[in-house]
Amino acid sequence: MAAPLPCIGWREYLALPDLGIDSIKAKIDTGARSSALHAFEIQGGEENGLAIVQFKVHPQQRSTRLTITTQAPLWEERTVKNSGGHAQLRPVIRTTITLGGQTWPIDLTLTRRDAMGFRLLLGREAIRHRFWVDPGRSYLQSVRPPKQNPSLTPHP
């Protein structure tokens, strides 16, 4: 008999170590097949004969203070329906994710998510056979960082 799957909430903090992102708040969305990362200044390129994609990420929700510039091999380009039901051609990267003590590879589409509440949408393909989702709870496999007092945060 297989061990029961661990449970995650509808939102969790996770890491994308290959991209240099130690912590990013993700919405777990079982209604979405694929996962999407908010990325901007997305540019294709080539390195050592392989297609790559370079991009920037604001990993903190509702903040543009921290910008991570990163790159990854371009896995493919895929047509995905956005939240408005419109088809978009998006670059797809394959990267690792760490959540709840587990690390595994996932496919991530890159797209601007400025208007969306979460910088990362984790779709059902990324969590299939790994977790159960409790849609009424949050942070079951991660720790919510303490809120920072904006008056104490240094300005650049």
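Lys56 lies in strand S6. In this predicted model, Lys56 is partly exposed, with a relative accessible area of 25%. Its partners beyond four places in sequence are His38, Ala39, Phe40, Glu41, Thr67, Ile68 and Thr69. Gly45 is eleven residues from Lys56 along the chain, and the two C-alpha atoms are separated by 14 Å.

One of the contacts of Lys56 is Glu41. Glu41 belongs to strand S5, residues 40–47. Its relative accessibility is 47%, so Glu41 counts as partly exposed, below the 50% cut-off for an exposed residue. The backbone of Glu41 has a phi near 50 degrees, a positive value in a residue other than glycine. Most residues other than glycine have a negative phi. Tyr139 also has a positive phi, of about 55 degrees, although it is not a glycine. Tyr139 is placed in the segment after strand S11 (132–134). At 14% relative accessibility, Tyr139 counts as buried, because the limit for that class is 20%.

Confidence was considered next. The protein averages a pLDDT of 90. At least 70 is reached by 92% of the residues. Over residues 149–156, pLDDT stays under 50. For that stretch the model has six contacts beyond four places in sequence.

The largest nonpolar core has 27 residues. Leu14, Leu16, Leu19, Leu37, Phe55, Ile93 and Leu122 touch the most other members. At least two core residues come from each of the following elements: strands S2 (11–16), S3 (21–29), S6 (50–57), S7 (68–81), S8 (87–99), S9 (102–111) and S10 (120–123), and helix H1 (124–127). In soluble globular proteins, nonpolar side chains tend to be buried together. Leu16 illustrates the contacts in detail. Beyond four places in sequence, Leu16 touches Ile21, Ile24, Leu37, Thr95, Thr96, Ile97 and Leu108.

Strand S3 also holds Asp29. Asp29 is partly exposed, with a relative accessible area of 21%. That value falls just outside the buried class, because buried means under 20%. Asp29 touches Leu121, Leu122, Gly123 and Arg124, with residues up to four places away in sequence left out. Val57 is 28 residues from Asp29 along the chain, and their C-alpha atoms are separated by 20 Å.

Ser34 sits in the loop between S3 and strand S4 (35–38). Ser34 is buried, with a relative accessible area of 16%. Its contacts, not counting residues up to four places away in sequence, are Arg78, Val80, Thr109, Leu121 and Gly123. Among these, Leu121 and Gly123 are also touched by Asp29.

Helix H1 contains Ala126. At 6% relative accessibility, Ala126 counts as buried. Ala126 touches Ser35, Trp104 and Ile106, again without residues up to four places away in sequence. The C-alpha atoms of Ala126 and Leu89 are separated by 20 Å, with their positions 37 residues apart along the chain as the stated spacing.

Pro105 lies in strand S9. Pro105 is exposed, with a relative accessible area of 55%. That classification follows because exposed means over 50%. Beyond four places in sequence, Pro105 touches Arg94, Thr95 and Thr96. Arg94 is eleven residues from Pro105 along the chain, and their C-alpha atoms are separated by 6.5 Å. Thr95 and Thr96 are also among the contacts of Leu16.

The pocket analysis gave a further view of the strands. Rolling a probe the size of a water molecule over the atoms shows where empty space is left. The second largest pocket has a volume of about 290 Å³. Its lining is made up of 17 residues. Asn82, Ser83, Arg90, Arg113 and Met116 lie nearest the centre of this pocket. S3, S7 and S8 are the elements that give two or more residues to the lining. By class, the lining has five nonpolar, six polar and six charged residues. S3, S7 and S8 also each supply at least two residues of the largest nonpolar core.

Conventions
Residues numbered from 1 in each chain as written. Predicted model: local features only at pLDDT ≥ 70, side-chain atom pairs only at ≥ 80, totals over all residues. Heavy atoms only, no water. pLDDT = per-residue confidence, 0-100. Contact = heavy atoms within 4.5 Å. Core = buried A, V, L, I, M, F, W, Y, C linked by side-chain atoms within 4.5 Å. Buried < 20%, exposed > 50% of the residue type's maximum accessible area, 1.4 Å probe, protein only. Helix = DSSP H or I, 4+ residues; strand = E, 2+ residues; numbered from the N terminus. 1 Å grid on protein atoms, 1.4 Å probe; cavity = no way out; pocket = protein on both sides within 12 Å on 5 of 7 lines; lining within 4 Å. Points joined across faces, edges and corners; volume = space filled by probe spheres on them. Nonpolar A, V, L, I, M, F, W, Y, C, P; charged D, E, K, R; others polar.
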